[in-house]
Amino acid sequence: MQTPSSDPPLNGSASPVGERLVSLDFFRGFTMFLLVAEGAGVYEALGGITSQPSLAGHLLTQFHHHPWNGLRFWDLVQPFFMFIVGVAMWFSVNKRMARGQSWEQVLVHMVRRCATLLALGVVLHIGYSGRLVWELWNVLSQLSFTILVAFLIMFRPVRTQLAISFALLLLTEVLYRFTGIPGYDQPFVKDQNFGSFMDMVLMGKLNAGGGWVTINCIPTAAHTIWGVLAGRLLAGDSTASRKIRVLLLGGILALVVGYSMDWTAITPIIKRICTSSFVIVSGGWCLVALALCYGLIDVKNQKRGTLFFIIVGSNPIFIYVFMETAGKQWFRDFVSIFVHGVLGWFGIAEAAQETANALVVLGLAWYLCYWLYRRRIFIKI
């Protein structure tokens, strides 16, 4: 087996490379379920029947991105996704090497995988637009960069990986604050920052109304790197209590640092341009969430109900792409013919019909995942 000179040996650990972490499968499945629900139109439909000043209305806003400076629950979903990819990468790469693949062979696989993710991200934007476009804002396009960066350094010492992750955040700060490009020299102003300038260079356009930027992939590579390090920790031979303690302490420290950067006006928390404070805060929540999942599910053996979400996470890229294409652009409308037709006979309000339709679509999407899971069909790239 050939690996870079600084690679550690494959673990002979308490959590063998081939052993699945139910907590990781649950965390991935829960995250994918949230994304599938969004594709099914659940949050949008619930907004039509919920009074905004009410508690339910305020809770529902947590399932939509913050308009700019601030943090909502939905802003954590993409970081969860990128972080989980990193955790799983540690196990999957080591498993490939344990089967006899060299580092170079795995690198070829990773490059092909990243190229596929980039292509899928571009295709999704073409589907959103209904015409040929060149846009790079989708999470899959972002992942194509973060995965490759995380893989290239994943066998380096932990301190080196942490240093590189924070160097990426520092690079982002420098680019936003000190490039001074006329018209794009306002670090934290929508459409007037360095990220917007790079969108004009790469695509000749700005993200219409949203303020999202392509170079988010640079700072958010830290999420995938930290995921790899978390996977390395969980696969190691430390005690379960120490693993939980390290994850929790790292997460809490990140939360304190990230929120402090925002509260002291050093760097605002802005998800749409993935400021360093946002990446640190969301990374902290990733670590805390993984620690809680691992402690409750794998250590305390509280596995009841986890299979419901694990099923959704068993084909994550497939179900995401399906719901972002056929799900949004055809399946929802097709199902609505039946749902609206039947409920319309009983005089059910239009908003309630939309909610019912979204829930039916969500249920059918879950069943599709279940059908694949039962037949051991796992679509990988």
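This passage looks at the pockets, the cavity and two helix pairs of a predicted model. Local features need pLDDT of at least 70 and side-chain atom pairs count only at pLDDT 80 or more, while totals for chains, interfaces and linings use all residues. Residues are numbered from 1 along each chain as its sequence is written, and side-chain values use heavy atoms, with hydrogens and water left out.

Start with the open spaces. The largest pocket holds about 1,200 Å³ (a pocket is an open set of points on a 1 Å grid over the protein atoms alone, with protein on both sides within 12 Å along at least five of seven lines; lining residues have an atom within 4 Å of a point). Volume here is the space filled by probe spheres set on the points, which are joined across faces, edges and corners. Of its 36 lining residues, Arg20, Arg28, Ala88, Ser92 and Lys380 sit closest to the centre. Helix α4 (77–98) gives the most to this lining, 9 residues (helices are DSSP runs of H or I, at least four residues, numbered from the N terminus). By class, the lining has 20 nonpolar, 6 polar and 10 charged residues (nonpolar: Ala, Val, Leu, Ile, Met, Phe, Trp, Tyr, Cys and Pro; charged: Asp, Glu, Lys and Arg; polar: the others, Gly among them).

The second largest pocket comes to about 780 Å³. Its lining counts 27 residues, with Glu38, His65, Trp74, Trp212 and Tyr320 nearest the centre. Here α13 gives the most, with 4 residues.

As for closed space, there is 1 cavity of 30 Å³ or more (a set of points where a 1.4 Å probe fits but cannot get out). About 50 Å³ lies in the largest cavity, and helix α7 (residues 158–178) supplies the largest share of its lining, 3 residues.

On to the helix pairs. Helices α1 (residues 22–40) and α12 (residues 306–313) pack at about 70 degrees with axes 7 Å apart (axes are lines fitted to C-alpha atoms over the stretch in contact; angles run from 0 to 180 degrees between N-to-C directions). The two are therefore roughly perpendicular (65 to 115 degrees). Their contact (heavy atoms within 4.5 Å) includes Phe26, Phe30 and Phe33 of α1 and Phe308 and Phe309 of α12. It has 10 nonpolar, 3 polar and 2 charged residues.

The axes of α2 (residues 42–49) and α14 (residues 350–374) come within 8 Å and cross at roughly 160 degrees, so the pair is roughly antiparallel (over 145 degrees). Nonpolar residues number 9 in this contact, alongside 2 polar and 1 charged.

Definitions and conventions:
Angles under 35 degrees count as roughly parallel, over 145 as roughly antiparallel, 65 to 115 as roughly perpendicular and the rest as oblique.
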